[in-house]
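Grab a pencil and work through these exercises with the structure open beside you. Try each task before you read its solution.

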Amino acid sequence: MSDTYAVIGNPIIHSKSPLIHNAFSKQTKKKIYYEALFAPLNGFTEAIKIFRQNNGRGMNVTTPFKFNAYEISTQLTEDAEAAQAVNTLLFDNNEIYGHNTDGIGLIRDIVTNLRFTITAKRILICGAGGAASGIILPLLKENPSTLVISNRTVQKAYKLKDQFSSFNNIIVSNNNMDIAKREFDLIINATSTSLIGKSLILPRNIFASGSLAYDLMYSNKQTPFLKFAQKEGAEYLSDGTGMLVEQAAESFFLWRGIRPKTKEIIKNIRNGS
Ligand code: NAP
């Protein structure tokens, strides 16, 4: 019988993870069974218990359970500990290993796939939810010159600044007038606005020359944020498909000890296949 893995979330129906992991399994010839699991909002712990009883080996965790996954982990990596969010679980005997591969996925997409250097650049992260918390430490490890976090609910941005208080190049902005005085080389949309087709309200003239606009949302249509960025003169535009596949590749590596090739799979997901 193949080892069982799953992605758990609520909702989960639109998840691309089964498609991606089945493609990894085929490519690497590592046979796995991978399913999508829906859990009720108060049913995460129970779902994990049943999955483990049925010899489940590992899980990807998506909205809204990343903090629950952090809480049940008995061993945490530095990225997961710093983010206080877990997107990959590995079950081994009595231990639950909690990882966060979102940030690694984003960095691999920006630096390796898009060949955009982050070091010494000025970064703006819009949003302070689960995805934002997962990408901050890996971004800081690339040594940007500044990292500004801007969020509609400013208290959440301050909480993230506190979480990463040992890094002194984080600035929190509580309004668009503040951001409007600056220019950025990399602007990341980590809000869920694109999910609901809404525009993120941002000031004009904040994209520096040669800048990259990156929307964490994956979509085969241009998102409102990327449309705005293009009009504002951002030189490079990317949605989050590359990050999605790269974070999955890192999970697969943690589970199976082999890192799948991602280029073709990113292309296929982008083309809707
Ligand atoms: P989340 O925890 O629910 O956080 C949502 C964020 O969006 C919060 O900061 C929220 O601000 C902000 N927001 C929501 N509506 C807004 C509006 N109308 N105007 C301004 N800000 C608004 O969600 P998440 O898990 O961080 O996910 C965020 C995005 O990342 C989603 O699009 C998701 O699909 C994407 N994502 C992609 C990947 C990938 O692999 N590509 C991985 C993870 C997530 P408040 O705090 O004020 O509510």
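## Exercise 1: Strand β3 and its partners

Strand β1 (residues 3-9) and β3 run parallel and are joined over five bridges. Keep in mind that you're looking at a predicted model.

**Task.** Work out which residues stand opposite each other where β3 pairs with β1 and with β5, and say how β3 and β5 run.

**Solution.**
- Step 1: Start on the β1 side. Here Ala6 faces Met59 of β3.
- Step 2: Now look at strand β5 (residues 88-92). Three bridges tie β3 to β5, and the two run antiparallel.
- Step 3: Pick out the pairs on this side. Asn60 sits opposite Thr88 in β5, and Gly58 has Leu90 as its bridge partner in β5.
- Step 4: Check how covered β3 is. In β3 (residues 56-61), five of the six residues are buried, so the strand is largely enclosed by the rest of the structure.

## Exercise 2: The mixed sheet

**Task.** Put the strands of the sheet that contains β3 in order, find its edges and name helices that pack on it.

**Solution.**
- Step 1: Read across the sheet. You get β2-β1-β3-β5-β6-β4, an open sheet of six strands with mixed pairing.
- Step 2: Look for strands that pair on one side only. Those are the edge strands, β2 (32-38) and β4 (75-76).
- Step 3: Add helix α1 (residues 17-28). It packs on the sheet and touches β1, β2 and β3, and its direction makes about 175 degrees with that of β2.
- Step 4: Add helix α2 (residues 44-53). This one packs on the sheet too, touching β1, β2, β3, β5 and β6 (95-99), with its direction at about 150 degrees to that of β3.

## Exercise 3: The parallel sheet

**Task.** Do a similar job for the sheet that contains β11: what is the strand order, and which strands stand at the edges?

**Solution.**
- Step 1: The order is β9-β8-β7-β10-β11-β12, which makes an open sheet of six strands with parallel pairing.
- Step 2: β9 (170-173) and β12 (236-238) each have a single partner strand, so one side of each is left without a neighbour in the sheet. That puts both at the edges.
- Step 3: Going from one strand to the next, the twist averages 15 degrees.
- Step 4: Zoom in on one pair. β11 (residues 207-215) and β12 pair in the parallel sense over three bridges, and Ala213 stands opposite Leu237 in β12.
- Step 5: Bring in the helices. Helix α5 (residues 102-113) packs on the sheet and touches β10 (184-189), β11 and β12, its direction making about 140 degrees with that of β11. Helix α7 (residues 154-163) also packs on the sheet, touching β8 (146-150) and β9, and its direction makes about 170 degrees with that of β9.

## Exercise 4: One face of a helix

**Task.** Which residues of helix α9 (residues 224-231) are buried, and what do they pack against?

**Solution.**
- Step 1: List the buried residues: Phe225, Leu226 and Ala229.
- Step 2: Look down the axis of α9. The buried residues fall within an arc of 95 degrees, so they line one face of the helix.
- Step 3: Recall the geometry: an α-helix has 3.6 residues a turn, so residues three or four places apart point the same way.
- Step 4: Find what that face meets. The buried residues of α9 pack against β10, β11 and β12.
- Step 5: See what comes after the helix. α9 is followed by Gly233, whose phi is positive, near 90 degrees.

## Exercise 5: A residue in a loop

**Task.** Is Leu202 buried or exposed, and which residues is Leu202 in contact with?

**Solution.**
- Step 1: Locate Leu202 in the loop between β10 and β11.
- Step 2: Its relative accessible area is 9%. The cut-off for buried is under 20%, so Leu202 counts as buried.
- Step 3: Skip the neighbours within four places in sequence, and Leu202 is in contact with Cys126, Asn176, Phe225 and Phe228.

## Exercise 6: The whole chain

**Task.** How does the chain's radius of gyration fit that of a compact globule?

**Solution.**
- Step 1: For 273 residues, a compact globule would have a radius of gyration near 19 Å.
- Step 2: The chain has 18 Å, which agrees.
- Step 3: Add the burial: 51% of the 273 residues are buried.

Key:
Residues are numbered from 1 along each chain as its sequence is written. This is a predicted model: local features need pLDDT of at least 70, side-chain atom pairs count only at pLDDT 80 or more; totals for chains, interfaces and linings use all residues. Side-chain values use heavy atoms; hydrogens and water are left out. Two strands pair if DSSP finds at least two bridges between them. Helices (H or I, at least four residues) and strands (E, at least two) are DSSP runs, numbered from the N terminus. Axes are lines fitted to C-alpha atoms, for helices over the stretch in contact, and angles run from 0 to 180 degrees between N-to-C directions. Contact means heavy atoms within 4.5 Å. Buried means under 20% relative accessible area, exposed over 50%, partly exposed in between (1.4 Å probe, protein chains only). The arc is that of the directions from the helix axis to the C-beta atoms. The radius of gyration is taken over C-alpha atoms; the globule rule is 2.2 Å times the number of residues to the power 0.38.
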